[in-house]
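Biologist: I am new to this structure and would like a close look at one part of it. Please start from the place I ask about below and work outwards from there.

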Amino acid sequence: MQQKMDALKAEILAQMAETKTGRSLYELKLKFQAELKVVMAGMKDLPKEEKPAFGKIVNAFKTEMEEAFEARAVVVKEMEMQQKYASERVDISMPGKVRTTGALHPITLVKNQLIDVFAGMGFKVFEGPEVETDYYNFTALNTPKDHPARDMQDTFYLAENLLLRTQTSAGQIRVMEKQSPPIKILSPGRVFRSDDDATHSPMFHQMEGLVVDKGITLCDLQGMLAEFAKKMFTDSTKVRLRPSYFPFTEPSVEVDLSCSQCGGAGCRLCKGTGWIEVLGAGMVNRHVLENCGVDPDEYTGFAFGMGIERIAMLKYGINNIKTLFENDTRFLKQFED
Ligand code: PHE
């Protein structure tokens, strides 16, 4: 029996040295226990007096083997851990994934800057609808159906009296109908005209301003524009008013700023004149006030409207309006607040 145990020990220890996983070690242990049972079955054939001594030997053998299994279990567990570490290894020297961050579109940037400038002067933002009725876009703005000024703005009609607004001035009427003076609003938004070349796009953005109160004069408009020019461009930017015509303002003016590129000396951008036209403005025509139920003998007001693309093009030196709508990220990436 001793021989059998020795043989079993040699066989199990040899196989144990080969085990690499907890599972194979466990299976080996089951096999050992089964074979030990077979060996121990031989005990019944031993003479009675030899049994206790042999019992001790068997117990010692069992303990020895159990210790061997436990020791191997520690080794195998370590091996398994190492293998797990190796398979889950992260190469911390590998460059990380760079996420590209988005940025505001130059139109949005300029729109926000304009709102900031005018909000600082007490203007509140009002946004009117893009689909307008003929009445709000033209008739109420002193531009009846047969008025030649309608030709100034090639209009996209959706139906007989429904159109895509050609100017944010339509918002003036909506505000004055609802609100009584004093009024000081800013109305940014998309406008549409059937017009398409390097400096015109069939869809573009305007920023409208309207101030109505007692005793408002052209001087107030001029002072406010001077402030706007300084804040939006530079401290030395000058403002020039030229007589013009809009059906909804009287008198009407075109507003020029001293050229941001040459400072007024004359260059290609300002075509040698030193001035760049940026917006239309004027004192609100009394017919327009009347159309909205505002008494023109009590109240006066001024309005102005500028193209946001035009301001962006001047500010950032962009010479083709199309680049603002192509959404080429190489172009858009260049603008920061
Ligand atoms: N609505 C005019 C345009 O689109 C601009 C303007 C606004 C002129 C307000 C005067 C007063 O050309």
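Biologist: Where does Asn327 lie, and between which two helices?

Modeller: This is a predicted model, and what follows describes that model. Asn327 lies in the loop between helix H9 (residues 308-316) and helix H10 (residues 329-332). The phi of Asn327 is near 55°, a positive value in a residue that is not glycine. Most residues other than glycine have a negative phi. Asn142 is a further residue of this kind, with a positive phi of about 65° although it is not a glycine. Asn142 sits in the loop between helix H5 (134-137) and strand S3 (157-159).

From the loop of Asn327, the way back leads to H9. Helix H9 is among the elements that give two or more residues to the lining of the largest pocket, together with S6, S7, S8, S9 and S10. This pocket has a volume of about 1,400 Å³. Its lining is made of 49 residues, and Thr199, His200, Glu277, Val278 and Arg310 are the ones nearest its centre. By type, the lining divides into 20 nonpolar, 18 polar and 11 charged residues. Strand S9 gives the most to the lining, with 8 residues.

The strands named in that lining belong to a sheet. The sheet is open and has 7 strands, in the order S1-S5-S6-S10-S9-S8-S7, with mixed pairing. S1 (124-125) and S7 stand at its edges with a single partner strand each, so one side of each has no neighbour in the sheet.

The sheet can be followed from the S1 edge. S1 pairs with strand S5 (residues 183-192) in the parallel sense, over 2 bridges. Val125 has Leu186 in S5 as its bridge partner. Helix H6 (residues 170-178) packs on the sheet, where it touches S5, strand S6 (203-213), S9 and strand S10 (300-307). The direction of H6 makes about 35° with that of S6. A second helix, H7 (residues 218-232), also packs on the sheet and touches S7, S8, S9 and S10. The direction of H7 makes about 35° with that of S10.

Between H6 and S5 runs a loop that holds Pro182. Pro182 is joined to Pro181 by a cis peptide bond, with omega about 5°. As a rule, most peptide bonds are trans.

Further along the sheet, S6 and S10 pair in the antiparallel sense over 8 bridges. Here Gln206 stands opposite Gly307 in S10. Strand S10 is mostly covered, with 7 of its 8 residues buried. S10 is also joined to S9 by 5 bridges, and these two strands run antiparallel. Leu279 stands opposite Met306 in S10.

S9 (residues 275-284) is joined in turn to S8 by 8 bridges, again in an antiparallel arrangement. In this pairing Val253 is opposite Ala281 in S9. Strand S8 (residues 249-258) is mostly covered, since 8 of its 10 residues are buried. Pro251 lies in S8 and is joined to Glu250 by a cis peptide bond, with omega about -5°.

At the other edge of the sheet comes S7 (residues 239-246), which pairs with S8 in the antiparallel sense over 7 bridges. A hairpin of 2 residues joins S7 to S8. Phe246 has Thr249 in S8 as its bridge partner.

Besides the pocket, there is enclosed space. A search of the whole structure finds 2 cavities of 30 Å³ or more. The second largest cavity holds about 40 Å³ of space. Its lining consists of Phe233, Thr237, Leu257, Ser258, Cys259, Ser260, Ile276 and Leu314. These lining residues divide into 5 nonpolar, 3 polar and no charged.

To return to the starting point: Asn327 is in the loop between H9 and H10, and H9 shares in the lining of the largest pocket with five strands, S6, S7, S8, S9 and S10.

Definitions and conventions. Residues are numbered from 1 along each chain as its sequence is written. This is a predicted model: local features need pLDDT of at least 70, side-chain atom pairs count only at pLDDT 80 or more; totals for chains, interfaces and linings use all residues. Side-chain values use heavy atoms; hydrogens and water are left out. Buried means under 20% relative accessible area, exposed over 50%, partly exposed in between (1.4 Å probe, protein chains only). Helices (H or I, at least four residues) and strands (E, at least two) are DSSP runs, numbered from the N terminus. Two strands pair if DSSP finds at least two bridges between them. Contact means heavy atoms within 4.5 Å. Axes are lines fitted to C-alpha atoms, for helices over the stretch in contact, and angles run from 0 to 180 degrees between N-to-C directions. On a 1 Å grid over the protein atoms alone, a cavity is a set of points where a 1.4 Å probe fits but cannot get out, and a pocket is an open set with protein on both sides within 12 Å along at least five of seven lines; lining residues have an atom within 4 Å of a point. Grid points are joined across faces, edges and corners, and a volume is the space filled by probe spheres set on the points. Ala, Val, Leu, Ile, Met, Phe, Trp, Tyr, Cys and Pro count as nonpolar, Asp, Glu, Lys and Arg as charged, and the others, Gly among them, as polar.
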